[in-house]
Amino acid sequence: MVKKDTKVKENTELMDKIISLCKRRGFVYSSSEIYGGFAAVYDYGPYGVELLNNIKNSWWKYMVQYREDVVGLDSAIFMHPKVWEASGHVSGFSDPLTECKKCHYRFRVDTVLEEFGIGADEKMSLEEIEKLFKKSLAKIKCAKCGSNEFTEIKKFNLLVSSNLGNFSGDSDKDPVYLRGETAQGIYVNYKNVLDSTRVKIPFGIAQIGKAFRNEITARQFIFRTREFEQMEMQYFTSPKEDMKEYEKLKEYRWQYYLDLGIKKENLKWHKHENLVFYAKEAYDIEYKFPFGFKELEGLHARGGYDLSQHAKFSGKDMNYLDPYTNEKYIPHIVESSAGVGRTFLALISEAYTEEKIGDEERVVLKFKPEIAPIKIAVFPLLKNKPELVEKAHGIFKNLSKLYRCEFDDNGNIGKRYRRQDEIGTPYCATIDFDTLSNNEVTIRDRDTMKQERIKIENLVEYFKLKFSGYTTGQ
Ligand code: GAP
């Protein structure tokens, strides 16, 4: 659909290569693939789940473990339906939808405008998008049949509903929603956390969990999915301090991505011009994905809106009594909201490298070692030599207590190295005949491809230094 200049073509090619590698090497599969897949839902394979876990662990360390002022939470996906009325999601959580009058293909208006290079982005208000769409009708065509006749734009609510606890047989009656964001689980537990722990304002509650949205257009691989995971930290402050805390949080989150190994030039801030009515300020951290700079994380100063709404709808007092000043107030909230899947895609895009080695090309994922799915691959040189295999099993057993390792005795060593390069394993340890006499193994470095001999008894100390990064996923 998009006019393909060379740059767009290159970027599409890169995205296609990443998608293909993710499938071929066991990172990401389409959901229910044997049944033809299921739109905008994905499964994470053996290496994908390791990378996901490393991302989530690094986030948890950064946002909870390293901080004195943040505690964790794991709230349920199902919540009382009133939560979503109070939050504004039932009335206001929607995207602009239109339908082709000829073939009835439905699509999200703002993203289609963007594809035709008309300059809408997801931060425009619905009214602005509608105006722009009407003005641009001559340039836009239905992706399926080429017609340019469309129905009036409708607001399409993104909440996914279920029939949980509904035995009436009427599926539209009293829907129970699957949560559209993890944040609401934090807000409704703010009082519980306050009453059952030692926290005092300012403090944060962090949570990682699934969220669900009925996204209209399934696009860009795992960038926009209907089931996804969020990593959110909601920070409760006094109304006087919220903007100061917001600035601190922005800085802290920016540094997180640099520590994950993302280059500064591939990140940028995007300030929201059209704020939702309760937001005082909103910024996104954008990453330069192969399809351009797009939102990786949202940072929002939400004022006292959330707790005031839950106080109003639940009838419960959400005020905080400051033990030092005796002031009573509804805490203000600043939030950091990141997507696990988007961080995953950013890390793979950042790591993806093609190199020429002599006459050969190699594909290598240059993850920061701490975040790599497999940290060390252990190879006996030959699989039909029991003494080598046994020694290699012993090394695997020891190292795997500390790191996610992989044992591989199949094929020639060169091929085994290439395979580990493609999944981003930073070190390979090869056990050969010399090992049997001098107790040394060959350690091969993914990026430099240099090899060195290390004594088996020094391996733990050796790798401790190699994996000493701040955001270690292990
Ligand atoms: N509590 C605030 C909130 O949910 P958001 O900007 O709608 O804000 C935050 O979402 C983050 O969640 C996004 O920056 C993105 O990383 C992730 N996200 C949102 N919708 C997503 C989707 N459909 N698929 C994958 N990730 C998504």
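The paragraphs below walk through the ligand site, the salt bridges, a surface patch and some backbone details of this predicted model. Residues are numbered from 1 along each chain as its sequence is written, and side-chain values use heavy atoms, with hydrogens and water left out. Because the model is predicted, local features need pLDDT of at least 70 and side-chain atom pairs count only at pLDDT 80 or more, while totals for chains, interfaces and linings use all residues.

A good place to start is the ligand. It is surrounded by 21 residues, where a residue is counted as near if one of its heavy atoms lies within 4 Å of the molecule. The closest of these are Glu181, Arg213, Glu215, Glu232 and Glu295. By class, the shell holds 10 charged, 6 polar and 5 nonpolar residues. Here Asp, Glu, Lys and Arg count as charged; Ala, Val, Leu, Ile, Met, Phe, Trp, Tyr, Cys and Pro count as nonpolar; and the others, Gly among them, count as polar.

Several polar contacts can be picked out around the ligand (a polar contact is a pair of N or O atoms within 3.5 Å; within protein, one must be able to donate a hydrogen and the other to accept it, and residues adjacent in sequence count only if both atoms are side-chain atoms). A polar side-chain atom of Glu232 lies 2.6 Å from a ligand nitrogen. Thr225 places a backbone N or O atom 2.8 Å from a nitrogen atom of the ligand, and a polar backbone atom of Leu296 is 2.8 Å from a ligand oxygen. Taken alone, the ligand exposes 550 Å², and the protein buries 91% of that; such areas come from the Shrake-Rupley method with a 1.4 Å probe, and for residues, only the protein chains shown count as cover. The elements giving two or more residues to the shell are β10, β13 (292–303) and β16 (332–339), with β13 giving the most, 6 residues. Helices (H or I, at least four residues) and strands (E, at least two) are DSSP runs, numbered from the N terminus.

Salt bridges come next. The whole structure contains 32 of them, each one a side-chain nitrogen of Lys or Arg within 4 Å of a carboxyl oxygen of Asp or Glu. Glu215, already met among the residues closest to the ligand, forms a salt bridge with Arg108 at 3.5 Å, N to O. Glu215 sits in the loop between β9 (203–212) and β10 (227–237) and Arg108 in strand β5 (residues 106–108), so this pair ties together parts that are 107 residues apart in sequence. Glu215 counts as buried at 6% relative accessibility, and Arg108 counts as buried at 4%. In these descriptions, buried means under 20% relative accessible area, exposed over 50%, and partly exposed in between (1.4 Å probe, protein chains only).

A second bridge joins Asp242 and Lys280 at 2.8 Å, N to O. Since Asp242 lies in helix α9 (residues 242–259) and Lys280 in the loop between β11 (267–271) and β12 (281–289), the pair ties together parts that are 38 residues apart in sequence. Asp242 is buried, at 2% relative accessibility, whereas Lys280 is partly exposed, at 40%. Asp306 and Arg302 also meet in a salt bridge, at 2.8 Å, N to O, and both residues are buried. Elsewhere, a network of salt bridges links Glu355, Glu360, Arg362, Lys366, Arg418, Asp421 and Arg444.

On the surface, Leu382, Phe433 and Leu436 form a nonpolar patch with about 240 Å² of accessible area together. Patches are made of residues with over 30% relative accessible area and no salt bridge; like charges are joined within 9 Å, and nonpolar side chains (Val, Leu, Ile, Met, Phe, Trp, Tyr) within 5 Å. Leu436 belongs to helix α14 (residues 433–438) and is partly exposed, at 38% relative accessibility.

The backbone offers some details too. Ile201 and Pro202 are joined by a cis peptide bond, with omega about 5 degrees; Pro202 lies in the loop between α8 (190–196) and β9. Ser32 is not a glycine, yet its phi is positive, about 50 degrees. Ser32 is found in the loop between β1 (28–30) and β2 (42–44) and is partly exposed, at 34% relative accessibility. Asn439 likewise has a positive phi, near 60 degrees, and lies in the loop between α14 and β22 (440–445).
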